[in-house]
Protein chains: 2
Amino acid sequence: MREAGVDARKRRILQAIIEDYVLTALPVGSRTISRKYETSLSSATIRNEMSDLEEMGYLAQPHVSAGRVPSHKAYRLYVDGLLQEAVQPDEEARQYFAEQIRPMEDVAAAAAQAIARLTRYTAVVMMPKQLELRVSCLQLVPMPRGAALLVIVTDTGAIRDTVIRVSDRLDSDALFSISRLLTERLAGRTLKEVQEMLGAYARMNGPDARVLEGIASLARQMEKQSAQDTVIIGGSHNILNYPEYSDVEKARAFLSALEEKERLTSLLSRHDAPFMVHIGPESAIPDMQDCAIVTAGYQVGKGHRGAVGVIGPARMPYAKVLSTLGAVSRVLTDLLGE
Amino acid sequence: MREAGVDARKRRILQAIIEDYVLTALPVGSRTISRKYETSLSSATIRNEMSDLEEMGYLAQPHVSAGRVPSHKAYRLYVDGLLQEAVQPDEEARQYFAEQIRPMEDVAAAAAQAIARLTRYTAVVMMPKQLELRVSCLQLVPMPRGAALLVIVTDTGAIRDTVIRVSDRLDSDALFSISRLLTERLAGRTLKEVQEMLGAYARMNGPDARVLEGIASLARQMEKQSAQDTVIIGGSHNILNYPEYSDVEKARAFLSALEEKERLTSLLSRHDAPFMVHIGPESAIPDMQDCAIVTAGYQVGKGHRGAVGVIGPARMPYAKVLSTLGAVSRVLTDLLGE
DNA sequence: TGTTAGCACTCTCGTTCGTTGAGTGCTAAC
DNA sequence: GTTAGCACTCAACGAACGAGAGTGCTAACA
């Protein structure tokens, strides 16, 4: 029993099977391959090869008189081949973003929408955590009826705001003075330090306790949000477009799994290559055992890596998806990288 | 042929059928009613009554040997009965909101989430348009690298911001002076007026044209957004919980219909009663012919009415849903009404 | 006159049982 | 090593059929 590896011809046949299956979602028979892809070989020859490929674990048969379906292992081989080549970024995708300055959250949400539209899959965008976020500016904007909008801007350009109550004796000049004072004292400090310092001030400073409390609370919230990778999801119900999920129960399980973002976050946080592809059980997410998760990394700030990706059935046009993601990740790196 | 109206007994039977059907989603037979609801009557009697009710258009039979299913007309009668009584706001729902001051958009989004969770239906929240929005304050907050955050606050407390580029010679004091100047000139003006005035300034004022342009653009965007009713949707895929949508095609059609918000907006904009219920074709939304849309109005500011609601199969526990919506609308009126 | 028991009738649903057709594996010839 | 031929397997489809749920109708009863 010689049992050689996957020679060039087997590889071609396997690729043909995958490509046909990606299009049709139907088991592929030997005749189909012999007529549409390898016209110089007879169906019997293809059958022999397919039999070998099945033994090696690249193909599976739903039942004995059906054609073959690629296994996760087959997709893995196929995708590894694709990743060797340079991924060509998709030009259409590049042009999807208006060239406007927007805060990071908006950009990420826009990217998720764009990816979902372009690929017709569920899109995920991971924004990396930013530890040691430092306050760059802090300002109170007057609002009607004894309220004020508190805005905190960090050195990375992240913005967060909240409405707080203030004494209605404070006019806009007074609010500005407070803002200036606070910015002087707090600029350059990390969010953690800000919280500590405010604790100290609060004891001395009676009347404006509400303001200080508001800042502390916003700083706390901001730190909490930025201290962990966050995931944005777009086009979640694109999954219904695929026959793999024509069973409502499966679709529901998938959508529920999407809502528990921790699993996705931890998967995307380990993103250390330009592209990553998790096929089937590799993602270790139950209810997504028949899915592939394809992601591309992007750069935000110095050394922080985010990721954009799609989730869909393992039967996926990987080349197309990789090129779309490549384009989007490049745009994101341009917009957020500086 | 006497053919009287719906007497009290028919009404009771109809109600029993509806309530049983709401629970089980299965056609209801005469024996079920006679045993579970009207134990003093035999199934034969019930049968006669059901036959009458069918003739009057309140019941339908999927096929001759199945039980009866309530028609839209039946739900209508039932709901009209409910609306006569005072709707008791659901206490659980009241406690769902943290008592935090938040901008209107956040409150609306939170309400949508809450409603979706509480009812397990798709939730909609309509925020009414606000014409003649007047600027109350306008402020530039310094950001790193020659950018600034422009914040516009209106008299109603709406907040919108955008990042703009500014000359990096402008420090925080300079930005504040500009802010004060702009606020002095623009406070009290409508968004439309602001746009016009800025057009005039822009011609005189060379270097800071970018700032003025940024304001004009934000004002334009803000006006556009606030000049139309906007709808927020929550829990869109709750629909998959219901056997009526166990067919993926139907579910997809429903979800697509949800994305076209114009129809929903125009439906919710005509909200002139505390509660409204659109059953089946009454909503005039194709792909929601078998749905009911239940809404409760809430008050925002002086005279502006918003609405919160749910969308789900016509087979719906209307009393429960109305009471939940009643509670949420009351909370919203408290938070936004002032 | 309203209510009820009895009964024949109808129609869905689930099961069984061939039939069909796609696709395979194996063998023998090229 | 390749290919034609052929027997074989099994899902999918449809027809036939019995079971069961629920009805409408009739006739008896209060």
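**Two chains on a DNA strand**

A base oxygen of DNA strand D sits 3.4 Å from an N or O atom in the side chain of R47(A). R47(B) also reaches a base: an N or O atom of its side chain is 3.1 Å from a base nitrogen of DNA strand D. T45(A) goes to the backbone instead, with a polar side-chain atom 2.5 Å from a phosphate oxygen of the strand. These distances come from a predicted model.

Two elements give two or more residues each to the surface near DNA strand D: α3 (43-55) of chain A and α3 (43-55) of chain B. α3(A) supplies the largest share, four residues. In total, 21 residues surround the strand, and R9(A), T45(A), V64(A), S30(B) and R68(B) come nearest. By class, this surface holds six nonpolar, 11 polar and four charged residues. On the DNA side, sugar or phosphate accounts for 78% of the strand D atoms within 4 Å of the protein, and bases for the rest.

Now turn to the protein–protein interface. Here 39 residues of chain A contact 38 residues of chain B. About 3,300 Å² is buried between the two chains, with 64% of that area from carbon and sulfur atoms. Two salt bridges are counted between the chains. R180(B) and D173(A) form a salt bridge through their side chains, at 2.4 Å from N to O. Five residue pairs are in polar contact across the interface.

On the chain A side, β4 (135-143), β5 (147-154), β6 (159-165), α7 (172-186) and α10 (248-259) each give two or more residues. β4(A) gives the most, seven. This side divides into 19 nonpolar, 10 polar and 10 charged residues.

Definitions and conventions. Residues numbered from 1 in each chain as written. Chains lettered and ligands numbered in written order. Predicted model: local features only at pLDDT ≥ 70, side-chain atom pairs only at ≥ 80, totals over all residues. Heavy atoms only, no water. Contact = heavy atoms within 4.5 Å. Buried area = accessible area lost by both parts, 1.4 Å probe. Salt bridge = Lys/Arg side-chain N within 4 Å of Asp/Glu carboxyl O. Polar contact = N/O pair within 3.5 Å; in protein donor to acceptor, adjacent residues only side chain to side chain. Nonpolar A, V, L, I, M, F, W, Y, C, P; charged D, E, K, R; others polar. Near = heavy atom within 4 Å.
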